[in-house]
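Work through the three exercises below with the sequence and model open. Try each task before reading its solution.

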Amino acid sequence: MKTLSQFSLEGQVALVTGAGRGIGFAFAHALSQAGAHVLLNDLNEEAAQKACDQLIAAGGAASPAVFDVTDFEHLDSIVDDLVDTHGRLDILMNNAGILIRSPIEDHPMPDFSRVIDINLNAVYAMARSCARQMKVQKRGRIINTGSVMSISARPGVISYTASKHGVLGLTRGLAAELGAYNITVNAIGPGYILTEMNRHVLGTPFEYRIRERTPMARWATPEELGGTAVFLASDAASFVSGQILMVDGGLTCNSLLVESANLGASS
Ligand SMILES: NC(=O)c1ccc[n+]([C@@H]2O[C@H](COP(=O)([O-])OP(=O)(O)OC[C@H]3O[C@@H](n4cnc5c(N)ncnc54)[C@H](O)[C@@H]3O)[C@@H](O)[C@H]2O)c1
């Protein structure tokens, strides 16, 4: 097989959750450019439709899939309907996620549970619903959105950190169980990416602090994650499973005590 043709997703159907904007939209765009018909899930109907229109205008195939990923009771039938309509399901990108920043005393159980429900429980529920069809097809790709918080922590985001550590555990557990069905399960661990989720920190000391501690000395754009999604979804990654691929400008290989931008090459 020619190396480049291994990356083609022609003829495949991909479902991306939380694809109405931000990183999910960038994943959907990349998969569609690689040839997949992308089903763009979001809670926000207008955002999902607008995102689809953009992919179609760029020459891709896309359809909206509006539902709440925490609608656990109905996910099986929602996925069944999508498979009936589109004929197959090859790729699931579990991307929908939220972040609530607050110290422990201002982070009551309902907030903690909401974060765990969307960021972790829904990843399991979606994988469970979609794996049924992937098993029938004897091939599948499940790609979960982790974070640098899958392997590290900082104050003020305890529920998010717990959820993203859980995503790494789920990724490994699902990979262990589903590998026998030719279904690979991996995670992408984005570093700091400028999206609506964190736009409010622009210009604050936090933004600069991250820049200082990231070897590449900058934040990334969502588009910089697209190629990793295509790789993990494609035949090029046919024997890659149970892994988290950090796309973080080197942040997690850097000691958190070292401020990269302040150290010259001679230091
Ligand atoms: N932005 C970053 O720096 C960063 C870093 C690491 C990981 N991530 C992860 O990437 C993912 C996407 O983040 P983003 O920055 O693009 O966020 P975002 O807030 O810009 O977009 C999230 C999208 O998910 C949708 N969504 C939220 N809850 C949903 C639900 N219950 N059902 C369906 N859709 C829902 C929202 O409507 C929105 O369109 C998240 O899992 C996040 O934790 C983000």
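**Exercise 1. Ligand shell**

Find which helix and strand each supply at least two residues of the shell around the ligand.

Solution. Helix 1 (22–33) and strand 2 (37–42) do. Helices (H or I, at least four residues) and strands (E, at least two) are DSSP runs, numbered from the N terminus. Helix 1 gives the largest share, three residues. Next, look at distance: of the 29 residues around the ligand, G18, G22, G97, T195 and M197 come nearest. A residue counts as near if its C-beta atom, placed from the backbone, lies within 6 Å of the molecule.

The model is predicted: local features need pLDDT of at least 70, side-chain atom pairs count only at pLDDT 80 or more, and totals for chains, interfaces and linings use all residues. Residues are numbered from 1 along each chain as its sequence is written.

**Exercise 2. Sheet**

Determine the strand order of the open sheet and its edges.

Solution. The seven strands run in the order 3-2-1-4-5-6-7, with parallel pairing. Strands pair if DSSP finds at least two bridges between them. Strand 3 (61–66) and strand 7 (244–247) are the edges; each has a single partner strand, so one side of each lacks a neighbour in the sheet. Inside the sheet, strand 4 (residues 91–94) and strand 5 (residues 140–145) pair over four bridges. There, N94 has N144 of strand 5 as its bridge partner.

**Exercise 3. Contacts of L31**

List the contacts of L31, leaving aside neighbours within four places in sequence.

Solution. Contact means C-beta atoms, placed from the backbone, within 7 Å. L31 touches L9, A14, V16, A36, V38, I91, A229, V230 and A233.

Key
Two residues are in contact if their C-beta atoms, placed from the backbone, lie within 7 Å.
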